[in-house]
Structure formats: structure tokens, C-alpha cells
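Visitor: I'd like to learn how to read a structure like this one, feature by feature. Could you walk me through it?

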Amino acid sequence: MNRPHLLSRLASAARPTTTLLLRARPLAATTLAGRRLATASTTAAAPAADATDDGPRFPGALNSKYTHGLSFIHQDGVLPTYRVLDKDGRVVDASQDPHVSAEWATKVYKDMVTLNTMDLIMYEAQRQGRISFYMTNYGEEATHMGSAAALHPEDMVLGQYREAGVLLYRGFTLDEFMNQCYSNALDYGKGRQMPVHYGSNKHAFQTISSPLGTQIPQAVGVAYAFKRARKPNVAITYFGEGAASEGDFHAALNMASTTKSPVIFFCRNNGFAISTPVTDQYAGDGIAARGVGYGIATLRVDGNDVFAVYNATRAAREYALANNKPVLIEAMTYRVGHHSTSDDSSAYRSKREVEDWKMRDNPVVRFRKYMEAQGWWDQAKEDTFKKDIRKKVLEAFAKGEKVDKPAVSELFTDVYDVPTPKLKEQERELRELMAMYPQQYSTKGYKQE
Ligand SMILES: Cc1ncc(C[n+]2csc(CCOP(=O)(O)OP(=O)(O)O)c2C)c(N)n1
Ligand SMILES: [Mg+2]
């Protein structure tokens, strides 16, 4: 007997018009709007349904038919990974070429190199004790730039923490990055957040928060509000495959699916949740298979391929807006750096494995090869740009380090419109302590009141 394929079963159980898998097609702008997404393959046989019967009509599965075959559903396939560029930067199928301009490609490439440069310098700064914490983005650059380039500047971003490139693409300046990492008086968060917990109203980028997964249901709320206001924008939420183990992830997917909210769930599957490899995180087919289970259009994509991520996000955005529905993208990649400056990944994975990934599939190198083949980039441009951007990052770094820390009084502002009696009491107590122990509570380097 044929073993039913989980996805095919789910697909065939859905209404004929329901679309489960988002399959990429050529991206001519005219064909994108209102496109009907491809359905999951239904070639694998499901247990024979009784065609003579109308079906049980249970409200929980209205279109289900009776069957006389007793068989459990097993997953026996793995969802494919959509890609456009091969490892040498060549477009594999011309129909998928997004036909970008030299200007588009140059910005994307330069932003990826800028991100690498900033990561290198800030990581070292933490090692030298100049900032308290940092997280690098090595290996995941294409997921940032490819997705950011496909969004509208007013689409709301709700990130996890390893998506600095999205903010960079949107125009957050090096100074703004440094002010946040130095928790100085110019930081929009007034120094109250850990480094890399960026946020910017101007860039429609909600402030990062440390507890995993909280941004995922929040993004559904944003998308639902957009829909209610008839605002032609989506919310996009980024999260790691580790965060997808949180209850919030599941609640969010179901909420988005049932409220029909235009949200893009963008999972960066980089193989690890700190030290826990994916093999210990789940036994199913990654995160994509979960989207299908919640009735959400889903696509797995090569996260090291800027074009694949770009095409996927662009199609997802158009689909979400045209249909008022969520989309899930699982971008497959590899976390090349340590989890954060608090981690040493050599304790749980071999250095050799990391080196292999760097050599075998580096998203920045892959895109550079594409650029070079177009005649848009060469070694001389690379050398000049790298030198120039390093100088700019170091200048911003030196500038950010010199700015005073926020005034002490800012510790007590903003949460409440009018400070509560308890807060006032705490401030009074703090000031007493500062007066009593001026050495220990020096305000040198802090903005004076
Ligand atoms: C609710 C909660 N649980 C645990 C943590 C600790 N923690 C921080 S990051 C992380 C791993 C997340 O992995 P993943 O979502 O895959 O993102 P990645 O770091 O790989 O980008 C964990 C367990 C946390 N911040 N919040
Ligand atoms: Mg991860």
C-alpha cells in the first residue's frame, strides 16, 4: 500500500482553492499581483476516500471524506529548497532571474560587506571590554539583504536580534549602530537595552527584546492592524529555528492563519540555538513543515542566495497583501560565528566544520561572483571599498565611544507618563546612595542633569 505523504494529505484535505506551498515562479512585476500560489503536490496517494459518501461533515474538518483504510500519516518527503544562484553565482534557471540593476546589486553587496566589517570591529571591541556584549551575523548576510530589498520601507520589521543587516539596508547609520552598542545618550533606547537590541521608529523597526519569540505574535497584531486600517503594508517577523520551539511561535502562526493577517514569518534556520544543534531541536522537516500544518503558504529557500531570498520575500509580500494571508519562509543557512560574545562554539562543534562552511558556501562570496560575472565588481573595487568602509566604521566607533552615557534621571522616565510614588521613592534612594558613595557611583562620563 502506498504510504501517504503528510504534505499531500494535508493539501488534499484542504479546500481546492486553498494554497499551501508557495512555489516560486518568474517574477515579472505584472504577473506578481494577485498571483495564485501553487498547491502542494498531490501525486502521492492518500487512503482511498469513499466517493459515494458526502463525508461526515464534522465542523472540525468539513471537507474530509470517509475512508475504510486505517493508516497513520508519516512524513516521507523533505520539502525542497528554492534557489536561483548556484555556488558559483550563476543563475541556474533564467526564468527565476530577478534582473536587478547594477545599482541594486552594488548596494546589496556593499551592505553585506559593511555588516561584516561592523561585526569584526564590534566583536573585537567587546573582547577589549569596550562594550558589554555583541552578536555577529556571519553567514546570514543574504537572508538580511535579500529580504530587506523586497520590502516596502513602511513594512514593519519585528526582529529577533541577528538581523542587523535589515536595519542597515533601511538606512540606519553607522553612528546609530554605535550609539546603541555604546548605550550612550544618543541611543534611542537611552542606554536601557543590551547592545544589538536596536530599534528605530524612522526605519519601521521595532525594538529587539531578549526573551525569545515575543516578536512573533506581536507581528501578527501589527499585520492585523494594517489590514483593519487598509494600509497596504505587511509586517515581517524574523526568528531563529530555535525560537520556533517557543509556544509564542505556534500561537502566532495559528492566530495569523485564522485572522487572515498579512504577515511574513521569516525563519532563519542557521543550524543552532546557541549550542543545541537542529538534530536535537526537532524531528520533523524543519520549520517549513509547521507552516503547512497551520494552513499557511510556505516556502523553503536557500538563505545563502540573495536572489532566492529576494524573490521569495517579494512573492510572499505580494501574496500576503493580495490575499490578506500570512506566509512562512524558512531560509536555510549556517551560523558561522559564535552565538554571541558570551559563547565559544568550539565547545560543541568542530572548527573544521565552521571552516568548511565558510569555504563551501559563503553568501557574500557567492554574490560577489555574480557581480564580477556581470562586470559590476572587481578586485580593485573590493580593495578600495573595504579600506573605505573600515575607516568609516572605525570613525563612527570612536565617535560613539566618546559620547556621554544618558543622564541618571533617564533610568526612571518613559515607562509611566507620570512617575509612580514607588518610582519616585526608588530615585530618591538611588540619589542618597550616590551622595553617600560618590566613588562607587561616579557620574563621570554621564550626561549631567
Ligand atoms: C524565552 C527565552 N528562552 C531562552 C533564552 C536564551 N536564548 C537566547 S538566544 C537562544 C537561542 C536561540 O536560537 P535561534 O532562535 O535559533 O536563533 P540564533 O541565535 O540561531 O540566531 C536562547 C536559548 C531567551 N533569550 N529567551
Ligand atoms: Mg538558530
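Visitor: How do the residues of the lining of the largest pocket divide by character?

Guide: The idea is to sort the lining into classes. In this predicted model, the lining of the largest pocket has 11 nonpolar, 10 polar and 11 charged residues. The pocket holds about 790 Å³ of space. Its lining counts 32 residues, and those closest to the centre are Asn116, Leu120, Tyr138, Val336 and Lys358.

Visitor: Which elements give two or more residues to that lining?

Guide: They are α3 (102-127), α12 (351-360), α13 (363-374) and α14 (379-402). Among the contributors, α3 gives the most, with 7 residues.

Visitor: Now the metal. What coordinates the magnesium ion (ligand 2)?

Guide: Start with the donor atoms and their distances. The magnesium ion (ligand 2) is coordinated by Glu241 through OE, listed twice, by Asn270 through OD1 and by Phe272 through O, at 2.1 to 2.7 Å. Along the chain, the donors follow the spacing E-x28-N-x1-F. Glu241 sits in the loop between β3 (235-240) and α8 (247-259), and Asn270 in the loop between β4 (263-269) and β5 (272-273), so this pair ties together parts that are 29 residues apart in sequence.

Visitor: Why is the arrangement around the magnesium ion (ligand 2) irregular?

Guide: Look at the angles next. The 6 donor atoms subtend angles of 50 to 174°. Six donors count as octahedral if opposite ones are over 155 degrees apart and all others between 65 and 115. An angle of 50° falls outside those ranges, so the arrangement is irregular.

Visitor: Are Glu241 and Asn270 buried or exposed?

Guide: Relative accessible area tells you, and buried means under 20%. Glu241 is at 0%, so it is buried, and Asn270 is buried too, because its relative accessibility is 3%.

Visitor: What does Arg366 touch?

Guide: Place the residue before listing its contacts. Arg366 is found in helix α13 and counts as buried, at 4% relative accessibility. Leaving out residues up to four places away in sequence, Arg366 touches Leu85, Asp86, Lys87, Gly89, Asp302, Asn304, Asp305 and Asp361.

Visitor: Why is helix α6 largely enclosed by the rest of the structure?

Guide: Count the buried residues. In α6 (residues 174-181), 7 of the 8 are buried, so the helix is largely enclosed. The buried ones are Leu174, Glu176, Phe177, Met178, Asn179, Gln180 and Cys181. They pack against α3, α5 (164-169) and α14. After α6 comes Ser183, with a positive phi near 50°.

Notes
Residues are numbered from 1 along each chain as its sequence is written. Chains are lettered from A and ligands numbered from 1 in the order in which they are written. This is a predicted model: local features need pLDDT of at least 70, side-chain atom pairs count only at pLDDT 80 or more; totals for chains, interfaces and linings use all residues. Side-chain values use heavy atoms; hydrogens and water are left out. Donors are N, O and S atoms within 2.8 Å of the metal (3.2 Å for Na, K and Ca); water is not among the atoms, so sites may look incomplete. Four donors count as tetrahedral if all angles lie between 85 and 135 degrees; four count as square planar and six as octahedral if opposite donors are over 155 degrees apart and all others between 65 and 115; anything else is irregular. Helices (H or I, at least four residues) and strands (E, at least two) are DSSP runs, numbered from the N terminus. Buried means under 20% relative accessible area, exposed over 50%, partly exposed in between (1.4 Å probe, protein chains only). On a 1 Å grid over the protein atoms alone, a cavity is a set of points where a 1.4 Å probe fits but cannot get out, and a pocket is an open set with protein on both sides within 12 Å along at least five of seven lines; lining residues have an atom within 4 Å of a point. Grid points are joined across faces, edges and corners, and a volume is the space filled by probe spheres set on the points. Ala, Val, Leu, Ile, Met, Phe, Trp, Tyr, Cys and Pro count as nonpolar, Asp, Glu, Lys and Arg as charged, and the others, Gly among them, as polar. Contact means heavy atoms within 4.5 Å.
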